[in-house]
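Welcome! Below is a set of short exercises, each with a worked solution to follow step by step. Have the structure open while you read.

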Amino acid sequence: MNTYEILIIGAGPAGLTAAWEANKHGLKTLILEGDKEVGGISRTVERNGWRFDIGGHRFFTKVDEVYEIWDEILEKEDFLLRPRMSRIYYKNKFYDYPLKASNALLNLGIIEAIRCVLSYFYVRIRPPKNQDNFENWVAARFGWRLYNIFFKTYTEKVWGVDATSIGADWASQRIKNLSLMKAILNAFQINKSGEIITTLIDKFKYPKYGPGMMWETAYKKLLDQGHEINLSSRVLEISKNDDHYLVSTKEGEIYKAKNILSSMPLAHLPKTIKPEPIDRVKSSGENLKFRDFLSVALVIKEEDAFPDNWIYIHEPDVKVGRVQNYGSWSPFMVKEGKTCLGLEYFVNIGDELWSMDDENLISLATEELEKLSLIKKNSALEGYVVRMPKAYPVYDLNYSENISNIEEWLKEEHLNIYPIGRNGMHRYNNQDHSMMTAVKSVRNIILGETNDIWKINVEEDYHEEINTGRSAPVQKE
Ligand SMILES: Cc1cc2nc3c(=O)[nH]c(=O)nc-3n(C[C@H](O)[C@H](O)[C@H](O)COP(=O)(O)OP(=O)(O)OC[C@H]3O[C@@H](n4cnc5c(N)ncnc54)[C@H](O)[C@@H]3O)c2cc1C
């Protein structure tokens, strides 16, 4: 049996980037991917000629190395620079997003605006005592009224639980450096040093045919370079032998490897790796939770659509959390004269929405868009449903202890297993974080570097967005 120096689990952004990096050092890898296609959550789905993402995927990063990799993979003309427009919909009004002062004041009205300011001063004097949870943490920094308008409903839709049971970590990781003062300065488009904020986040890169194009291209180029990439090859067991691991798949194959880069869920490693870990580690794996996702894509005439790339739906009366307009992401994703709207629902496997049949989901999505007046009656022409399990690693009150238990066990007993990527490290991240964890792990193996993968991102000072911002790595020199 061939012994692979590096075996990679998962052909999403993390796994494919790991192979890409190994290739630069002259090493060929084996990737095992459980699904029939590559790209992971960053794939592009195609149905009847319509292309859409699992939620819109912007290609934006502060790490030059990541742009370099994207530019190596895709031809220049295929990597578009796209304008961004997004708004928040709340109580029949559209708020520009990022917030703009004049628009926010106009929508709130002067009385509500004064109430928000008073509510802010109130929490400065009487901050909530326990700031361990998301609700109290945010309210303490923005006041209760702003919290209720701009944070509560959307956050609860995304996570499907009361905001008091979400750890403050989740908020602090993405809102860390943002205070009300900064938000107001941002709203006037001024930053700390008084400069007008650059247009960086007003534009973003996006592959002509969606994010999947990036990862399908990487896949083809890696195959051409001599890497082995096995699709429909789901890893079920990893057993430790003297100086190597045996990796078995559901499909009955067995592979031998010295080092394993794993982007399969960190939560699954304790039950996958043999010998089994102690109970504390096993239950940590079982207790790491996920939120699942489904998207209903509706085709409508282009003239009937809104101009935004996406709209956050803070309205509590509908279940949809966000609506994408894929024609605004890239005109190449849609057909002449028509566009495709993607309604995003945050769900749990087995719940009412997850189990609803596609036809009823399409009707529900159509009704909700009509109710929100985002489309006219009877304007939806076709509909498609895509379900994505484990789209979001959940940050509950115990997640970080659970991660630490697994991390500690791996560091003590499995130094040659490298968790990488989003679910691979149970990190609510962006592609760039997944990619950098892969690059640095490969360098640890091949170049003997000593990068601490768990620290990538920890000292970040950049947060993409208030509500939905995902971790983005900032590299310390
Ligand atoms: C709604 C939404 C919107 C997003 N928007 C953006 C955005 O705008 N910009 C951005 O940069 N990022 C965005 N992201 C994040 C982005 O999708 C992830 O950061 C990225 O896909 C993570 O890559 P990954 O390779 O770490 O994991 P994944 O994409 O999850 O890939 C992991 C792969 O491993 C495979 N796998 C799992 N278990 C096994 C197993 N046992 N055996 C074999 N294979 C296995 C899976 O099938 C999958 O293909 C968004 C995410 C969501 C959910």
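## Exercise 1: An unusual proline

The loop between β13 (273-274) and α10 (279-287) holds P275. This is a predicted model, so take each feature as a feature of the prediction.

**Task.** Find out which form the peptide bond from K274 to P275 takes.

**Solution.**
- Step 1: Go to the loop between β13 and α10 and pick out P275.
- Step 2: Read the omega angle of the bond that runs from K274 to P275; omega is near 0°.
- Step 3: The bond from K274 to P275 is therefore put down as cis.

## Exercise 2: Checking a helix by its length

**Task.** Work out what span helix α1 (residues 13-24) should have at 1.5 Å a residue, and compare it with the distance between its end C-alpha atoms.

**Solution.**
- Step 1: Helix α1 has 12 residues.
- Step 2: The expected span is 1.5 Å times one less than the number of residues, which gives 16 Å for α1.
- Step 3: The end C-alpha atoms of α1 are 17 Å apart, in agreement with the expected value.

Now try two more helices in this way. Helix α14 (residues 399-413) has 15 residues, and its first and last C-alpha atoms are 21 Å apart, close to the expected 21 Å. Helix α16 has 17 residues and reaches 23 Å, close to an expected 24 Å.

## Exercise 3: Enclosed helices

**Task.** Decide how far α1 is enclosed by the rest of the structure.

**Solution.**
- Step 1: A residue is buried if its relative accessible area is under 20%.
- Step 2: Of the 12 residues of α1, 11 are buried, so this helix is largely enclosed by the rest of the structure. Among the buried ones are L16, W20 and E21.
- Step 3: Repeat this for α16, where 15 of the 17 residues are buried, so α16 is largely enclosed too.
- Step 4: Look at α14, whose buried residues include Y399, I403, I406 and L410. An α-helix has 3.6 residues a turn, so residues three or four places apart point the same way.

## Exercise 4: Positive phi angles

**Task.** Which residues have a positive phi although they are not glycines, and are they buried or exposed?

**Solution.**
- Step 1: Begin with glycines for practice. G26, just after α1, has a positive phi of about 80°, and G448, which follows α16, has a positive phi near 70°.
- Step 2: Turn to N378, which is not a glycine and has a positive phi of about 60°. N378 belongs to the loop between α13 (358-371) and β18, and its relative accessible area of 72% makes it exposed.
- Step 3: Add H426, again not a glycine, with a positive phi of about 50°. H426 sits in the loop between α15 (422-425) and α16, and at 0% relative accessibility it counts as buried.

## Exercise 5: Around the ligand

**Task.** Describe the shell of residues around the ligand and how much of the ligand the protein covers.

**Solution.**
- Step 1: The ligand is surrounded by 35 residues, the closest being E33, S42, H57, R58 and S434.
- Step 2: Look for polar contacts. A side-chain N or O atom of S42 is 2.7 Å from an oxygen atom of the ligand. A polar side-chain atom of N429 is 2.8 Å from a ligand oxygen, while a backbone N or O atom of G56 lies 3.2 Å from a ligand nitrogen.
- Step 3: On its own the ligand has 1000 Å² of accessible area, and the protein covers 95% of that.
- Step 4: Ask which elements contribute. α1, β18 (382-393) and α16 (431-447) each supply at least two residues of the shell.
- Step 5: Focus on S434, which is in helix α16. S434 counts as buried, at 7% relative accessibility, and its side chain reaches the backbone nitrogen of R422 at 3.3 Å.

## Exercise 6: Rings and charges

**Task.** Classify the aromatic pair formed by F134 and Y147.

**Solution.**
- Step 1: Rings pair if their centres lie within 6.5 Å, and the count for this model comes to 28 aromatic pairs.
- Step 2: The ring centres of F134 and Y147 are 6.3 Å apart with planes at 55°, so the pair is tilted.
- Step 3: F134 is in helix α4 (residues 134-142) and Y147 in helix α5 (residues 144-159), 13 residues apart. Both residues are buried.
- Step 4: Finish with charges over rings. R141 lies over the face of W137, 3.8 Å from the ring centre, and the charged end of K208 sits over the ring of F332, 4.6 Å from its centre.

Methods:
Residues are numbered from 1 along each chain as its sequence is written. Side-chain values use heavy atoms; hydrogens and water are left out. Rings of Phe, Tyr and Trp (its six-membered ring) pair if their centres lie within 6.5 Å; planes under 30 degrees apart count as stacked, over 60 as edge-to-face and the rest as tilted. Helices (H or I, at least four residues) and strands (E, at least two) are DSSP runs, numbered from the N terminus. Buried means under 20% relative accessible area, exposed over 50%, partly exposed in between (1.4 Å probe, protein chains only). A charge sits over a ring if NZ of Lys or CZ of Arg is within 6 Å of the ring centre and within 35 degrees of the ring normal. A residue is near a molecule or strand if one of its heavy atoms lies within 4 Å of it. A polar contact is a pair of N or O atoms within 3.5 Å; within protein, one must be able to donate a hydrogen and the other to accept it, and residues adjacent in sequence count only if both atoms are side-chain atoms. Accessible areas come from the Shrake-Rupley method with a 1.4 Å probe; for residues, only the protein chains shown count as cover.
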